[in-house]
Amino acid sequence: MATPCCFPDIFDWIQNLPSITQWKTKSISICICSTSSSQPSLNLFVTKNLQSPSLIFSVAADFSVPISLWSSKEFKIKPKSSKLLQEDNISSLLTNFIEDVLKYGPNSAKNNSLLKFLKFDSMSNFKDVFNLAFLTLLFLICIYEVPADLRSGCLNTIKNELAGCQPRAASKLLMKQLGSNLEEQWMRSINLAITNWILELQATHRTITTPSPLFSYALSTFGLWKIHLFCPVIAMDIMSSSNPSLDERLLFSLNYHQLEGVIQFNYKVIIQEKWVNLMLNIDNIRCDIIRLVNETLMNERGVGVDEKHFPSRISLQLTPTMQTNILSVSVSKSSENPTREIEMEKTIEGSFDPPNSFLGLKVSAGETTTLSMKPWKFEQSVYGYSAILNWFLHDSMDGREVFSSKPSKMALLNPKAWFKDRYSSAYRPFTRQGGVIFAGDEYGERVWWKFDKSVAGRTMEWEIRGWIWLTYWPNKHRTFYNETRRLEFREIIHLNIA
């Protein structure tokens, strides 16, 4: 049996493999995961083909009879070369890792044609990205392929490795290299696996801290701040729930989705003679709930594609971390001062009572109030030197905030309630796909900070914190179940004041 091993640097191990002419055996291996000396380990093998000068990489569980879990494509090599693998082989192996991660996703064939356009020749930190891609593939292999008695220990080892600073930094580089389309497929593969893992543990009444239930990254460039985030719905915190007996088919539909969010601000630095202004405008706030399995499976095992959560509140807090040079912060949107239309109805009724009684006059006055409101309400506020932006979804029937309230049973039974057929109604407060977009045309308000002149030429750090609430009220399915979940994220952005 193997002895415990820490996770190795796979890139360096491959680079240092001897020339194939120096091999004394058919294969060479390295321990990549071992939880204890009494348990078999997971090993990475590189095996030569005796018929042709080529190699295959594989992952196997080192039982008395090894169990193969994954194999790469075949890579042709130059037997007389001092290096076992050339640079083009290493790039092809990285592409192989990425391709196999995508195969675990809900749309394994979709966008895979884009892989042929990937170029890693000039990529910075190639080694870190290579190791991350292999680690991610190994994470999926552990969830889907590794025998049950090894799975828990290996997954804990890998999730701790993935949560480190270096893999998270490498993730941002890889996402940039993949481009948006492949990035979304990559994250859906990972979050589908995380969802399956969480459900497996819930079935045995165990809980975990997932490797990173939320994956997010931020960038600041060309007058733009951007945050991109992904999170499986099942990993979000439950804030409220009606908690009746929930049927398994509805649970399947609700669980197999992920939140995908994009937050974009345009910024402008204006240097005056005695002070500096930073102006920040909302460009795009996008939030979508995307299913993690195909429509056929959602219909067979769930209650269809129309039952899913919807965004009910988004809150963002933007804070400069160093505040000694700040003079003021201002927002551009006033607090609400809604117009209210009042209609007065008055009637006078007169009657004669019998003799010897006073004449009775009955006067009644009625008041009807009409208030026009949009389903989404946007507010800006200031806390210290932090700017806070809030979007609240309101119930169109009673005006209550949806994220903190529950529908009545009468509303749940009402087929004309606003949340019924909510993705096809002409008055829907969502996109046709069930997400929301807050763009500059309606929410282009700005925030600006005024600094003293000493900040010019310096790099300032900004903290962006956010909370997103997702709510489920029944759409077409008949149920009294409802719940609200919340996700929290935090990113740091650096801005050069010049």
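Ser19 touches Pro79, Ser81 and Ser82, leaving aside residues up to four places away in sequence. This serine is found in the loop between helix 1 (10-15) and strand 1. Its relative accessibility is 5%, so Ser19 counts as buried, the cut-off being under 20%. The model discussed here is a predicted one.

**Overall make-up**

The protein has 498 residues, and 47% of them count as buried. Its secondary structure comes to 10 helices and 19 strands. Among the contacts with a separation of 6 or more, 70% are accounted for by residues 24 or more positions apart.

**An open sheet**

Strands 1, 2, 3 and 4 form an open sheet in the order 1-2-3-4, with antiparallel pairing. Strand 1 (27-33) and strand 4 (67-76) stand at the edges; each has a single partner strand, so one side of each is left without a neighbour in the sheet. From one strand to the next, the twist averages 20°. Strands of a sheet pair through backbone hydrogen bonds, in either a parallel or an antiparallel way. Inside this sheet, strand 2 (residues 42-48) and strand 3 (residues 54-61) are joined antiparallel over 7 bridges. Leu44 stands opposite Val59 in strand 3.

**A hairpin further along**

Strand 14 (residues 376-383) and strand 15 (residues 386-393) also run antiparallel, and 8 bridges join them. These two strands form a hairpin with 2 residues between them. Gly384, in the turn, has a positive phi of about 65°. Val382 stands opposite Ala387 in strand 15.

**Two nonpolar cores**

The largest nonpolar core holds 73 residues, and the members that touch the most others are Ile32, Leu42, Ile98, Phe130 and Trp186. Helix 3 (residues 126-144) gives the most to this core, with 14 residues. Apart from it lies another core, of 57 residues, including Ile263, Ile326, Trp391 and Trp449.

What does Trp186 touch, not counting residues up to four places away in sequence? The list is Ile98, Val101, Leu102, Ala133, Thr136, Leu174, Met175 and Leu178. Leu174, Met175 and Leu178 are also among the buried residues of helix 5.

**Helix 5**

Helix 5 (residues 165-178) has 14 residues, which at 1.5 Å a residue should span 20 Å; the C-alpha atoms at its ends are 20 Å apart, which agrees. Which residues of helix 5 are buried? They are Pro167, Ala170, Ser171, Leu174, Met175 and Leu178. Seen down the axis of helix 5, the buried residues fall within an arc of 145°, so they line one face of the helix. An α-helix has 3.6 residues a turn, so residues three or four places apart point the same way. On the other side of helix 5, Cys165, Gln166 and Lys176 are exposed.

The buried residues of helix 5 pack against helix 2 (87-103), helix 3, helix 4 (148-162), helix 6 (180-203) and strand 5 (215-221). Gly179 follows helix 5 and has a positive phi, near 85°.

**Positive phi outside glycine**

Most residues other than glycine have a negative phi. Phe222 and Asp421 have positive values, and the table sets out both residues.

| Residue | Phi | Location | Relative accessible area |
|---|---|---|---|
| Phe222 | near 50° | loop between strand 5 and strand 6 (224-232) | 82%, exposed |
| Asp421 | about 50° | loop between helix 9 (409-413) and strand 16 (436-439) | 36%, partly exposed |

The phi of Phe222 is positive in a residue other than glycine, and Asp421 likewise is not a glycine. Phe222 is exposed, whereas Asp421 is partly exposed.

**Trp467**

Trp467 lies in strand 18 (residues 459-472). Is Trp467 buried or exposed? At 13% relative accessibility, Trp467 counts as buried. Not counting residues up to four places away in sequence, Trp467 touches Arg313, Ile314, Ser315, Gln317, Arg486, Leu487, Glu488 and Phe489. Trp467 and Asn390 are 77 residues apart along the chain, and their C-alpha atoms are separated by 9.6 Å.

Terms used:
Residues numbered from 1 in each chain as written. Predicted model: local features only at pLDDT ≥ 70, side-chain atom pairs only at ≥ 80, totals over all residues. Heavy atoms only, no water. Core = buried A, V, L, I, M, F, W, Y, C linked by side-chain atoms within 4.5 Å. Buried < 20%, exposed > 50% of the residue type's maximum accessible area, 1.4 Å probe, protein only. Helix = DSSP H or I, 4+ residues; strand = E, 2+ residues; numbered from the N terminus. Contact = heavy atoms within 4.5 Å. Pairing = 2+ DSSP bridges. Axes fitted to C-alpha atoms, helices over the stretch in contact; angles between N-to-C directions. Expected span 1.5 Å × (residues − 1). Arc of directions from axis to C-beta.
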